[in-house]
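Could you take me on a guided tour of this structure? I have it open in my viewer and would like to know what to select next and what is there.

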Amino acid sequence: METLAFQGLVGLSLAMYLWLLAAGLTIVFGVLGILNFAHGSLFMLGAYFAFTFYGLWGVNFWFAILLSLLSVGIVGYLMERLFLRHIYHLDHAYQLLLTFGFILIFDDAVKMVWGGVAKIPAMPTFFEGTFSVLGRLFPIYNVFIIGAGFLVALVLWLLFEKTWWGRMVRASASDREMASAIGVNIPTLFTGVFVFGAMLAALGGALGTPVRVVAPGIGAAMIIQAFIITVIGGLGNLKGAFVGAVIVGVLSAYSILLFPVFELFLIFVIMAVVLMVKPQGLFGR
Amino acid sequence: MKKKVGFFCLIFFFLVFIVSMPVWAQTPKKPPAKKPAAKPLGVEVIKFGGMGIMSGPLSICGRMIMMGAQSAIEEINAKGGILGSKCELKFMDDELRPAVGVKNVRYLVSEWGAHFILGVDSSGVAMAIGEIMPEMDRIYISTHASTDRLTEELVWKKGIKHIFRTTVPTYQEAILPAMIFKDFMHIKRWAGINCDYEYGYVSWSLFKETLKKYRPDVEFVASTWAPFWTMDFTPHISAALAANPDAIFSTPWGGEGVQLIRQALIMGAFDKIQLWWHPTGATTDFLEAVTSEVKADKFKGKLWVSGRYIHNWLQTPENKAFVERFVKRWAMYPFHPGQGAYDAVYFVKAALEKTRSLKTSEVIKALEGMELMTPAGRKYIRPEDHQAIYPTPAGRPVYDPAYPIAIVGDFKMIPAKEYFRHPPFEPVKISK
Amino acid sequence: MKKTLMILFLIALLSLLPFFVGKYILYMTIHILLLSLFALGFNLLFGYTGLLSFGQAGFYGVGAYACAKILLVVPSLLLGILGGVAVAGLVSLLLGLLSIRHTRIYFSMLTLCFGMMIFSLAWKWRDMTGGDDGLVGIPRAPLEIPGLFRINMAAMESYYYVVLVFSILAIFIFYRLVNSPLGLTLQGIRDSETRAACVGISVRNYRLISFTIAGLYAGLAGALLPPLENTVTPPVAHWSHSAEPVLATLLGGIYTFAGPIVGSFLFYIIKDIIVRFTEYWLICLGIIVLVLVLGFRGGVVSIFSQKGDR
């Protein structure tokens, strides 16, 4: 029994990375209507930048994360203003294609700048150590990740429900023309939302720095899972993305423990079932 | 529909295709008769086609192959080449995909004119390209891919004589530890965190089979399977630890191995278990990543590693010189895909000097039974399966101020003929 | 008349190819033909019916594995290829029934899903598919009809002709299809679903037909692979392989008949040439995609037409 609960806890921390990745993806889709295939690449860039600041240049860990967010924010800004802006009016197929092109570009770009070899920085000392949970040792680091994920969820909820900016974003998501009519500067808002989404992805990547290697291609490897989560939860729905991430994370942890043969297949089956039965997702309208 | 224009386009492009052919279709249908050249081997340049994984968390291994082969070629060229012919290397990324590997081999041999193929990290790719070597009429020397099936099945059983291997196969992962740890009487329960592909299946199955022979009291209490691109091993580690093992056996390699051990550390695995066998841990990228942990003795002496070449083991002048040259050239310490590729080139050189001919069948005969002194020790190519026989020990990572990164120490050596399998080979029964 | 002459010229060119190029070029050309078939089927769904599928590689994989399994038991090339096509068609019919009820982004996601389910089956089901090792030692079986003739396929040239004949037939059939009432109906559905429905067209049925035909073509391309490579491995069903016909069609021209074919040719040539000079071919391909989507949505064909894009 403790084994199951403990494995669930491990799955929960796994889910938090996925949540950070999916949150940005779903927000961008909900507001801009674009499914950003390259979102995983932004995650990867967040990891690379964090590795550079913290691992190579010795910057303080927390500051390195902040810098990484800002750096990817700039990348996101350029991506939106110079490229995505021009295709909003086109069929969603072209949006998928354009963002797919970005995956290719980012994968080679990181290879060119950082080299193709996988790297990992030294472990920050304040993360070493474990708590005793359910009779097993649970890393402080994982507790931190779970905490960070929940904190982000809280902040996002507050942001979108309680602030003026959040209200504008939600208005633009449900009715772009109307929002524009009442004075919302749509182009600026879109850029802002995209940058925000990019920074969320970067946060997910950056937080993984102490325990995961950075290498070209890690972004593309994660994007499918992010898609699955946003579909399960409902495209554009933040609550759905959180629940979806938890489901996927916990489920993959359990399948590794209990039925390893089915792991890969299972996730896709769930996604297919959701798409067929309730395509708007569990929480979609 | 712009059908007309489409067809026009098609015609245009095929005309371009045809007209531009002299530029890139250099190989005519029949190979040209060898012009009498001044060189004994009949060619100006001997071409080595190399392949490995060049991107993603495992890319250091492909790059190592390239570095090792390139080092050997540069040394040989500086001394006048092989019988006066210079050597050249072209290295391609096989993306860990058999289909890409096969396509690359076809390109390297038919288009680029490779005389020899070497390398490959992935067992799957090696098995696929091994099968087409007779069609290509070229020798392929594996310098990393370690499934025993490459030599036991393709060479010995199926008779594909074109395949050779200069590095130890999965005997290193599976049989060596069984022979060492059988004497660790307090280790009774083993859990496995394995690669969810050929290499993982074979290693784990062979290990279990071998250990059970010596220690029928041993139990295999858990095994988890991680595919390529696994970034987070924590669910695997926790599933393995849930079964209360005394020891863990792990096969993820390269950057994935680094992640695995790093994540295992923070999960307190090294407080819980007695021993961790990480057979690919002697690779210098891994040792570099764990240097600060080794210095602080975080592994508590429980981590055992091995490889197919350990640069600081043999203190022979030849090895020391090799390591020094390699570090100077590449700013990295060598590990086995590089060292194996280095040897592969030198084996070819020795064979060509003997045969004075590039004819595949003759080079094969020359390589069979050949023995060379290499930085990894004396390597003997066994004629039955074309596998190089030489030992590499297991040990524990230690810190020595003479080196900038952790090295392997506390060596436990077992002679090669004791832990290598010998013909006739019984196929390994794969069990999870 | 002019068009027919051009086509005949092209066929003649391709038929004579083995006489003045080497084995590697032939090998490449076979791959280009396979991608053309793959992309042609994809474009029926995308360009003609307006459905973007990211899972076509799944049907390609089904065709490839089915053909391989057949050839490993009965070494008859015809049986292998036709069997592969049939199985792929069946699978695409079944999955199509589930998929075509949805459109746009949901359709794309669902097809991505199904494709990856096939991939994970191929990877995990070791007993059937050989797992990550795949199926090896697949013979390039002779082309035979028992009692009539038997042609040995060991030479690359012989197999090239088989692929060429199949391709020409398949392209011809496709041509007739899209110029038939079926083709027009599909385009009508693409342009306006509601209008088509109002006229009494069963939108769902036509989409299903389109999906199945796309699956058949993907299956044909897949079935022609094992005799060429002698191995089939799971990556043939991976979503990154599904991206190839998408990119090829985008390159060549989405709303044209020959776009996928031209695009396949360009895709291979570009990749092959770039790879010789630099290891950074992904970024080159990515930039090309960007340029195409932003500026040349009609693909290469549109550059020649001067009529702009849709």
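## Charges over rings

Select Arg329(B) and Trp330(B): the charged end of the arginine sits over the tryptophan ring, 4.1 Å from the ring's centre. Keep in mind as you go that this is a predicted model. For another charge over a ring, pick Lys432(B), which lies over the face of Trp225(B) at 5.1 Å from the ring centre.

## Rings that meet rings

Now colour the aromatic residues. Over all chains, the count comes to 68 aromatic pairs. One of them joins Phe53(A) and Trp57(A) in an edge-to-face arrangement, with 5.5 Å from centre to centre and 70° between the planes. Is each partner buried or exposed? Phe53(A) has a relative accessible area of 12%, so it is buried, as the cut-off for that is under 20%. Trp57(A), at 59%, is exposed.

Move to chain B and select Phe207(B) and Phe249(B). These rings are stacked, 4.5 Å centre to centre and with 25° between their planes. Phe207(B) lies in helix α8 (residues 198-214) of chain B, while Phe249(B) belongs to strand β8 (residues 247-250) of that chain, so the pair ties together parts that are 42 residues apart in sequence. Both Phe207(B) and Phe249(B) are buried.

Widen the selection from here. Ring pairs link Phe207(B) and Phe249(B) into a cluster with Phe181(B), Phe184(B), Trp190(B), Trp204(B), Phe220(B), Trp277(B) and Trp304(B).

## Into the nonpolar core

Trp190(B), a member of that ring cluster, leads to the next stop. The largest nonpolar core has 382 residues, and the ones that touch the most other members are Trp19(A), Phe48(B), Ile129(B), Trp190(B) and Trp276(B). Which helix gives the largest share of this core? Select helix α2 (residues 23-48) of chain C, which supplies 19 residues.

Then zoom in on Phe48(B). Setting aside neighbours within four places in sequence, Phe48(B) is in contact with residues including Ile73(B), Cys87(B), Leu89(B), Trp112(B) and Phe116(B). Show Glu88(B) and Lys90(B) too, because they also appear among the contacts of Phe48(B), with contact meaning heavy atoms within 4.5 Å. Val345(B) and Val348(B) are contacts of Phe48(B) as well.

## A serine in a loop

Stay with chain C and select Ser53(C), in the loop between α2 and α3 (56-73). Is Ser53(C) buried or exposed? Its relative accessibility is 1%, so Ser53(C) counts as buried. Leaving out residues up to four places away in sequence, Ser53(C) touches Phe42(C), Leu45(C), Phe107(C), Thr111(C) and Val246(C). Add Phe211(C) to the view: this residue is 158 residues from Ser53(C) along the chain, yet their C-alpha atoms are separated by 9.1 Å.

## Stepping back to chain A

To finish, show chain A by itself as a cartoon. You should find 11 helices and two strands, and along the sequence they follow the pattern α-α-α-α-β-β-α-α-α-α-α-α-α. The C-alpha atoms of chain A fill a box of roughly 60 × 45 × 35 Å along the principal axes. A compact globule of 285 residues would have a radius of gyration near 19 Å, and the 19 Å of chain A agrees with this.

Switch on a surface next. Chain A exposes about 10300 Å², of which carbon and sulfur atoms supply 71%. Buried residues make up 62% of the 285 residues in chain A. Finally, display the contacts in chain A between residues at least 6 apart in sequence: 78% of these join residues at least 24 apart.

Key
Residues numbered from 1 in each chain as written. Chains lettered and ligands numbered in written order. Predicted model: local features only at pLDDT ≥ 70, side-chain atom pairs only at ≥ 80, totals over all residues. Heavy atoms only, no water. Phe/Tyr/Trp six-rings, centres within 6.5 Å; stacked < 30°, edge-to-face > 60°. Buried < 20%, exposed > 50% of the residue type's maximum accessible area, 1.4 Å probe, protein only. Helix = DSSP H or I, 4+ residues; strand = E, 2+ residues; numbered from the N terminus. Lys NZ or Arg CZ within 6 Å of the ring centre and 35° of its normal. Rg over C-alpha atoms; globule rule 2.2 N^0.38 Å. Areas by Shrake-Rupley, 256 points an atom, 1.4 Å probe, with all protein chains shown as cover. Core = buried A, V, L, I, M, F, W, Y, C linked by side-chain atoms within 4.5 Å.
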